[in-house]
Amino acid sequence: MYSIQLKTKWPSLLTCMRPLDCTLSGGDDSEDLHTITVDKSKDGKLGFSVRGGCEHGLSIFVSKVEDAKEAGLLVGDKLVEVNGVSLESITMSSAVKVLTGNNRLRMVVRRVGKVPGIRYSKEKTTW
(Lines give C-alpha, C1' and ligand atoms only; values in the text may rest on other atoms or scores of the structure.)
Protein backbone atom coordinates (compact mmCIF):
# COMPACT_ATOMS: atom_id res chain seq x y z
CA MET A 1 0.00 0.00 0.00
CA TYR A 2 1.27 3.45 -0.95
CA SER A 3 0.53 6.84 0.53
CA ILE A 4 0.59 9.98 -1.58
CA GLN A 5 0.87 13.43 -0.05
CA LEU A 6 0.22 16.50 -2.17
CA LYS A 7 1.88 19.80 -1.37
CA THR A 8 0.23 22.96 -2.60
CA LYS A 9 0.54 26.71 -2.26
CA TRP A 10 -3.02 26.71 -0.84
CA PRO A 11 -3.10 23.74 1.60
CA SER A 12 -6.31 24.92 3.25
CA LEU A 13 -8.35 24.79 0.05
CA LEU A 14 -11.07 22.19 0.09
CA THR A 15 -12.31 20.86 -3.21
CA CYS A 16 -15.44 18.86 -3.73
CA MET A 17 -14.96 15.16 -4.12
CA ARG A 18 -16.91 13.76 -7.04
CA PRO A 19 -16.70 10.76 -9.36
CA LEU A 20 -14.35 11.13 -12.33
CA ASP A 21 -17.24 10.87 -14.78
CA CYS A 22 -19.24 13.60 -13.03
CA THR A 23 -19.23 17.08 -14.55
CA LEU A 24 -20.26 20.36 -12.99
CA SER A 25 -23.13 22.32 -14.44
CA GLY A 26 -22.53 25.58 -16.15
CA GLY A 27 -20.32 26.76 -18.88
CA ASP A 28 -19.67 25.13 -22.15
CA ASP A 29 -16.32 23.82 -23.23
CA SER A 30 -15.73 26.63 -25.71
CA GLU A 31 -12.29 28.10 -25.92
CA ASP A 32 -13.55 31.66 -25.39
CA LEU A 33 -10.94 32.25 -22.67
CA HIS A 34 -9.76 35.67 -21.52
CA THR A 35 -7.08 36.75 -19.07
CA ILE A 36 -8.12 39.66 -16.88
CA THR A 37 -6.21 41.46 -14.14
CA VAL A 38 -8.15 43.06 -11.29
CA ASP A 39 -6.64 45.07 -8.44
CA LYS A 40 -8.33 45.51 -5.07
CA SER A 41 -9.46 49.05 -4.32
CA LYS A 42 -7.91 51.01 -1.47
CA ASP A 43 -10.77 49.89 0.79
CA GLY A 44 -10.10 46.21 -0.06
CA LYS A 45 -12.97 45.61 -2.47
CA LEU A 46 -12.57 43.59 -5.66
CA GLY A 47 -15.40 45.27 -7.56
CA PHE A 48 -17.32 42.09 -8.42
CA SER A 49 -19.42 39.33 -6.85
CA VAL A 50 -19.48 35.60 -7.52
CA ARG A 51 -22.01 32.78 -7.26
CA GLY A 52 -21.81 28.99 -7.43
CA GLY A 53 -19.52 26.42 -5.88
CA CYS A 54 -19.24 22.68 -6.20
CA GLU A 55 -21.45 22.21 -3.15
CA HIS A 56 -24.23 23.37 -5.49
CA GLY A 57 -22.93 21.32 -8.42
CA LEU A 58 -21.67 24.49 -10.10
CA SER A 59 -18.52 26.25 -11.15
CA ILE A 60 -17.77 29.78 -9.88
CA PHE A 61 -19.46 32.53 -11.93
CA VAL A 62 -19.33 36.33 -11.87
CA SER A 63 -22.81 37.46 -10.79
CA LYS A 64 -22.28 41.22 -10.45
CA VAL A 65 -19.64 43.63 -11.74
CA GLU A 66 -18.97 47.09 -10.37
CA ASP A 67 -15.43 48.50 -10.52
CA ALA A 68 -13.95 45.44 -12.27
CA LYS A 69 -15.89 46.28 -15.45
CA GLU A 70 -13.00 48.53 -16.50
CA ALA A 71 -10.68 45.49 -16.45
CA GLY A 72 -12.99 43.63 -18.85
CA LEU A 73 -14.82 41.35 -16.42
CA LEU A 74 -18.44 40.59 -17.41
CA VAL A 75 -21.47 39.13 -15.66
CA GLY A 76 -21.66 35.47 -16.64
CA ASP A 77 -17.90 34.93 -16.84
CA LYS A 78 -16.88 31.55 -15.41
CA LEU A 79 -13.74 31.79 -13.26
CA VAL A 80 -11.38 29.07 -14.47
CA GLU A 81 -8.18 30.08 -12.68
CA VAL A 82 -7.04 32.83 -10.32
CA ASN A 83 -3.33 33.52 -9.74
CA GLY A 84 -2.46 30.03 -10.93
CA VAL A 85 -5.05 28.29 -8.71
CA SER A 86 -7.73 26.30 -10.53
CA LEU A 87 -11.30 27.11 -9.53
CA GLU A 88 -12.70 23.98 -11.13
CA SER A 89 -14.49 21.79 -8.55
CA ILE A 90 -14.00 24.24 -5.69
CA THR A 91 -16.33 25.22 -2.86
CA MET A 92 -17.56 28.78 -2.58
CA SER A 93 -15.74 29.33 0.72
CA SER A 94 -12.46 28.15 -0.80
CA ALA A 95 -13.00 30.32 -3.89
CA VAL A 96 -13.52 33.34 -1.64
CA LYS A 97 -10.20 32.59 0.11
CA VAL A 98 -8.41 32.53 -3.25
CA LEU A 99 -10.13 35.72 -4.43
CA THR A 100 -9.46 37.69 -1.26
CA GLY A 101 -5.94 36.36 -0.65
CA ASN A 102 -4.11 38.82 -2.92
CA ASN A 103 -4.28 42.49 -3.84
CA ARG A 104 -3.92 41.71 -7.56
CA LEU A 105 -5.85 38.93 -9.27
CA ARG A 106 -4.77 37.49 -12.60
CA MET A 107 -7.88 35.60 -13.68
CA VAL A 108 -8.55 33.28 -16.58
CA VAL A 109 -12.26 33.41 -17.41
CA ARG A 110 -14.48 31.64 -19.91
CA ARG A 111 -17.19 33.80 -21.49
CA VAL A 112 -20.40 31.88 -20.77
CA GLY A 113 -22.76 34.85 -20.65
CA LYS A 114 -25.20 33.39 -18.13
CA VAL A 115 -25.33 33.11 -14.36
CA PRO A 116 -26.97 30.28 -12.43
CA GLY A 117 -29.95 31.38 -10.35
CA ILE A 118 -30.32 29.82 -6.91
CA ARG A 119 -33.37 30.73 -4.83
CA TYR A 120 -33.16 28.12 -2.08
CA SER A 121 -30.53 25.53 -1.35
CA LYS A 122 -32.99 22.63 -1.84
CA GLU A 123 -34.21 23.88 -5.22
CA LYS A 124 -32.77 22.78 -8.50
CA THR A 125 -30.42 25.31 -10.06
CA THR A 126 -31.97 27.26 -12.95
CA TRP A 127 -30.26 28.90 -15.89
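The exercises below work through a predicted model of one protein, each with a solution in steps.

Residues are numbered from 1 along each chain as its sequence is written. Because the model is predicted, local features need pLDDT of at least 70 and side-chain atom pairs count only at pLDDT 80 or more, while totals for chains, interfaces and linings use all residues, and side-chain values use heavy atoms, with hydrogens and water left out.

**Exercise 1. Find which pattern of helices and strands the protein follows along the sequence.**

Step 1: Helices (H or I, at least four residues) and strands (E, at least two) are taken as DSSP runs, numbered from the N terminus.
Step 2: With that rule the protein has one helix and six strands.
Step 3: Read along the sequence, they give the pattern β-β-β-β-β-α-β.

**Exercise 2. State what pLDDT the protein averages, and what holds for residues 1-15.**

Step 1: The pLDDT, which is the predictor's confidence in each residue on a scale from 0 to 100, averages 77 over the protein, and 69% of the residues score at least 70.
Step 2: Over residues 1-15 the pLDDT is below 50, and this stretch has 12 contacts (heavy atoms within 4.5 Å) beyond near neighbours in sequence.

**Exercise 3. Identify the buried residues of helix 1, and explain how they are placed around its axis.**

Step 1: Buried means under 20% relative accessible area, exposed means over 50%, and partly exposed lies in between (1.4 Å probe, protein chains only).
Step 2: In helix 1, which spans residues 92-100, the buried residues are M92, S94, A95, V98 and L99.
Step 3: They lie on the same side of helix 1 because they cover an arc of only 160 degrees around the axis, the arc being that of the directions from the helix axis to the C-beta atoms.
Step 4: These buried residues pack against strand 2 (48-52), strand 3 (60-65), strand 4 (77-82), strand 5 (85-86) and strand 6 (104-111).

**Exercise 4. Describe the largest nonpolar core and the contacts of F48.**

Step 1: A nonpolar core is a set of buried Ala, Val, Leu, Ile, Met, Phe, Trp, Tyr and Cys residues joined through side-chain atoms within 4.5 Å.
Step 2: The largest one has 21 residues, and F48, L73, L79, V82, L99, L105 and M107 are those with the most contacts inside it.
Step 3: Helix 1 gives the largest share of this core, four residues.
Step 4: Leaving aside neighbours within four places in sequence, F48 is in contact with ten residues' worth of partners that include V38, V62, L79 and L99.

**Exercise 5. Locate H56 and decide whether H56 is buried, partly exposed or exposed.**

Step 1: H56 sits in the loop between strand 2 and strand 3.
Step 2: Its relative accessible area is 34%, so H56 is partly exposed.
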